[in-house]
Amino acid sequence: MTNNREPRIPSDRPSVTPATAGPGPQITLRSPAELADALPYMLGFHPTDSLVIVAVHGEGGRFGGRLRVGIPAEPAEWDETARQAAECLIRGSERRGGKPDGIVVFLCREPRGEESGREVMNRLRPLAHGVRLACGALDVPVLEVLCLSAGRFWSYVCPDERCCPAEGSRLAAVGTSVMAAAATFAGLQVRGSLAEIEGRLAPLGGAVADEMERALDRAAVDLVPKILDGATREDVGAETLALARSLMRRMTLAPPAEGPRGADDRDDGLLGHDEAAALILGLQDREVRDVAAEWMEDEEAPPALRLWRALARRCVGAYGEHAAAPLTLAGWVSWSTGDEPTARIALGMALRADAEYRFAQLLHHACNEGVDPEGLRQCLREERRRREPRRRRPAAGTRPPGRRGRTAPRRSSRRPAGSGQ
């Protein structure tokens, strides 16, 4: 997309959802450089190792839906990834009211080893070509394809060396561009990189992980029979919720920490292994999880989010699939409090942990479709108001929370892993 060959592409508050969009500052992007600079503001984070496609609508080129998926490690999977991503974005745009008039594509990957950014760009060229073919097969032209790597960008479309030289063009320094100023004025945030956000939710490693897995083993031996027994299951649920509230109070009273890493280290230190294990297993009960989902606003939301992140980090080893519950709760609280980019990442990770986790599926779809979370918040508030002691009864659809066998085959999903929009 160059100054002399393509129409300018304005974007109305590029990262807001249809549910919250309204009159606001209009940002006009006229060149590949400005498109590259706008990408993190469109997503809310710096994508890493990602294919991002953005729908463009109308003669003026208004940005619409966007979708991010991870770039598969195997080039043999690139054509299928391109096809799925193009179909998902274009069909989704049609359901929301209009087929895109064009597509803008970004390929983001950092060099590995001695590789240069230009070598990354050349290596990803078949993927860029695959996306163009996939969109063309659905009668939507690709207006621009950019590769971002090693602090530079390249255009696969523009042949003009004056604006898109072979050695690439430097990306603007963070916070120094017109786009950065306009985004700040519009209240848009960039919440670090995708790798950083995922790192706050990823399992711990090393000796701590070994200790945590042993604690989960002990908790499973103690709790699973009680959860499966209708006579004691409700008691376990009440104990789980009481422990969660106690830990949230502990987190609220803890001294502040500097930066995300320091905050996570502090929260990890506030949880004992046995406490975390009891909570992780208790949250596998659907009814307990649904009550915990009510802590999604006001003064309850910040400590709840901290707790769900810390529990997701404790789902280690053979208990990796158990992370679906705390990851989904983390995604829900993030979405409920207005942090949609983090919500999409957390919910995507929940589905990677357990592709069949229904609560994550529903929230992920609703968030990506631009649904207003207020409807679900109202349902949870009403349920909280009318809750009363219930008869002890077995839970339908509750997955036994014990340890899975190490040799059991894991489910897999061909769904592109990432954050569609």
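The chain exposes about 19500 Å², and carbon and sulfur atoms supply 52% of that (areas come from the Shrake-Rupley method with a 1.4 Å probe, and for residues only the protein chains shown count as cover). This is a predicted model, where local features need pLDDT of at least 70, side-chain atom pairs count only at pLDDT 80 or more, and totals for chains, interfaces and linings use all residues. Residues are numbered from 1 along each chain as its sequence is written, and side-chain values use heavy atoms, with hydrogens and water left out.

**Exercise 1. Get an overview of the chain: how many helices and strands does it have?**

Step 1. Start with the elements: there are 16 helices and nine strands (DSSP runs numbered from the N terminus, helices being H or I with at least four residues and strands E with at least two).

Step 2. Now look at burial. Of the 421 residues, 51% are buried (under 20% relative accessible area; exposed is over 50% and partly exposed lies in between, with a 1.4 Å probe and protein chains only).

Step 3. Finish with contacts (heavy atoms within 4.5 Å). Take those with a separation of 6 or more: residues 24 or more positions apart account for 73% of them.

**Exercise 2. Find the aromatic pairs and say whether each one is stacked or edge-to-face.**

Step 1. Set up the rule. A pair of aromatic rings is described by the distance of the centres and the angle of the planes. Rings of Phe, Tyr and Trp (its six-membered ring) pair if their centres lie within 6.5 Å; planes under 30 degrees apart are stacked, over 60 edge-to-face, and the rest tilted. That gives two aromatic pairs.

Step 2. Try W295 and W308. Their ring centres are 6.1 Å apart and the planes sit at 5°, so this pair is stacked. W295 is in the loop between α11 (286-292) and α12 (301-313), while W308 is in helix α12, so the pair ties together parts that are 13 residues apart in sequence. W295 is buried, at 1% relative accessible area, and W308 is buried at 1% too.

Step 3. Next come W332 and W335. With centres 5.9 Å apart and planes at 80°, the pair is edge-to-face. Both residues belong to helix α13 (residues 324-336), three residues apart, or about one turn of the helix. W332 and W335 are both buried.

**Exercise 3. Check the positive phi values: where do D139 and D298 lie, and are they buried or exposed?**

Step 1. Recall the background: most residues other than glycine have a negative phi.

Step 2. Take D139, with a positive phi near 65°. D139 sits in the loop between α4 (125-137) and β6 (142-149). Its relative accessible area is 63%, so D139 is exposed.

Step 3. Move on to D298, whose phi is positive as well, near 55°. The loop between α11 and α12 holds D298, and a relative accessibility of 63% makes D298 exposed.

Step 4. For a glycine, go to G370, which follows α15 and has a positive phi near 75°. In helix α15 itself (residues 358-368), the buried residues include F359, L363 and C367.

**Exercise 4. Describe the largest cavity: which residues line it?**

Step 1. Fix the term. On a 1 Å grid over the protein atoms alone, a cavity is a set of points where a 1.4 Å probe fits but cannot get out, and lining residues have an atom within 4 Å of a point. Points are joined across faces, edges and corners, and the volume is the space filled by probe spheres set on them.

Step 2. Count and size: the structure holds one cavity of 30 Å³ or more, and the largest cavity has about 30 Å³ of space.

Step 3. List the lining: I227, R233, V236, G237, T240, G282, D285 and V288. Helix α8 (residues 233-253) gives the most, with four residues.

Step 4. Sort the lining: three nonpolar, three polar and two charged (Ala, Val, Leu, Ile, Met, Phe, Trp, Tyr, Cys and Pro are nonpolar, Asp, Glu, Lys and Arg charged, and the others, Gly among them, polar).

**Exercise 5. Explore A85: which residues does it touch, not counting those up to four places away in sequence?**

Step 1. Locate A85 in helix α2 (residues 78-95). A85 is buried, at 2% relative accessibility.

Step 2. Leaving out residues up to four places away in sequence, A85 touches L51, I53 and L67.

Step 3. Compare positions: A85 and V52 are 33 residues apart in sequence and 8.8 Å apart in space, C-alpha to C-alpha.

Methods. 1 Å grid on protein atoms, 1.4 Å probe; cavity = no way out; pocket = protein on both sides within 12 Å on 5 of 7 lines; lining within 4 Å.
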